[in-house]
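This note is addressed to a colleague who is meeting the structure for the first time. Please read the points below with the model in view.

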Amino acid sequence: ATYQSHSLLIGTDGSLWATAENSNGQLGIGNTDYQSFFVKVVDANVTDIAVGSSHSLFLKSDGSLWAMGRNNEGQLGTGDNDDRNSPVKVIPSGVTHIAAGYNHSLFIKSDGTLWAMGQNSEGQLGDGGTTSRNTPVQVVPGAVTGVTAGYSHSLFIKSDGSFWGMGNNGSGQLGTGDT
């Protein structure tokens, strides 16, 4: 997965690898040094990855959500706004899907609830306001099966096949037929 200036990949053995820009610790290697080659971040059990502008998320096979990198808007969900240059566990279990936008993050739990954290200036968290959140906030109470995030908007699908969007729609990215 890539976003702007860093990349992550999952090895066939479930290992997590990262390369490129690391000024905010988004590679999770314990420092902020640029990497011109892929370096191993986690040895095994990584099942999904999501990359934001300067932050990264990964999901492990036990359903735990991990985050690293820039946290200026609370996009890591750690309850503060401190950057992390090593992976930090945000949710201990039960997470099934993850997504990262520019400065916001979303995840789905096994009960179908949708959660969001980070920048919310355009309503991209979908909580009805525009206040940024540095801890996860529940956005949808259930039946969510997929989620993705853009620069300042978010999209999700529910089990009934309905498609939902929130956040900036200046270019019609929500698909509502207007801007």
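1. Two buried aromatic residues make a suitable starting point: F58 and W66 both count as buried. The model is a predicted one, and every value in this note should be read with that in mind.

2. How many aromatic pairs does a search of the whole structure find? The search returns 4 aromatic pairs. One of them is formed by F58 and W66, whose rings are stacked, with 5.9 Å from centre to centre and 5 degrees between the planes. A further pair consists of F107 and W115; their ring centres lie 6.2 Å apart and their planes meet at 5 degrees, so this pair is stacked as well. The distance of the centres and the angle of the planes are what describe a pair of aromatic rings.

3. Is F107 buried or exposed? F107 has a relative accessible area of 0% and is therefore buried, the cut-off for that class being under 20%. F107 also appears among the contacts of V95, a residue treated in the next point.

4. V95 belongs to strand β8, which covers residues 95–100. Its relative accessibility is 5%, so V95 counts as buried. When neighbours within four places in sequence are set aside, V95 is in contact with L59, G63, L65, F107, I108 and K109. For K109 a separation is also available: V95 and K109 are 14 residues apart in sequence, while their C-alpha atoms are 4.2 Å apart in space.

5. Strand β8 takes part in an open sheet of 4 strands, arranged in the order β8-β9-β10-β11 with antiparallel pairing. Why is one side of β8 and of β11 left without a neighbour in the sheet? Both β8 and β11 (133–140) stand at the edges and have a single partner strand each, so one side of each has no neighbouring strand in this sheet. From one strand to the next, the twist averages 20 degrees.

6. Within that sheet, β10 (residues 114–118) runs antiparallel to β11, and 4 bridges join the two strands. The pairing can be followed at G118, which stands opposite R133 in β11.

7. Strand β5 spans residues 55–60 and includes H55. With a relative accessibility of 0%, H55 counts as buried. What joins the side chains of H55 and S105? The two side chains are linked by a polar contact of 2.9 Å.

8. Strand β5 also pairs with β4 (residues 46–51) in the antiparallel sense, over 5 bridges. Together β4 and β5 form a hairpin, with 3 residues between the strands. In this pairing V51 stands opposite S56 in β5.

9. Another open sheet consists of 3 strands in the order β12-β13-β14, and its pairing is antiparallel. Strands β12 (144–149) and β14 (163–167) stand at the edges with a single partner strand each, which means that one side of each is left without a neighbour in the sheet. The twist from one strand to the next averages 20 degrees.

10. In the sheet of 3 strands, β13 (residues 153–158) is joined to β14 by 5 bridges, the two strands running antiparallel. The reader may locate this pairing at S154, which stands opposite M166 in β14.

Methods. Residues are numbered from 1 along each chain as its sequence is written. This is a predicted model: local features need pLDDT of at least 70, side-chain atom pairs count only at pLDDT 80 or more; totals for chains, interfaces and linings use all residues. Side-chain values use heavy atoms; hydrogens and water are left out. Two strands pair if DSSP finds at least two bridges between them. Axes are lines fitted to C-alpha atoms, for helices over the stretch in contact, and angles run from 0 to 180 degrees between N-to-C directions. Buried means under 20% relative accessible area, exposed over 50%, partly exposed in between (1.4 Å probe, protein chains only). A polar contact is a pair of N or O atoms within 3.5 Å; within protein, one must be able to donate a hydrogen and the other to accept it, and residues adjacent in sequence count only if both atoms are side-chain atoms. Contact means heavy atoms within 4.5 Å. Rings of Phe, Tyr and Trp (its six-membered ring) pair if their centres lie within 6.5 Å; planes under 30 degrees apart count as stacked, over 60 as edge-to-face and the rest as tilted.
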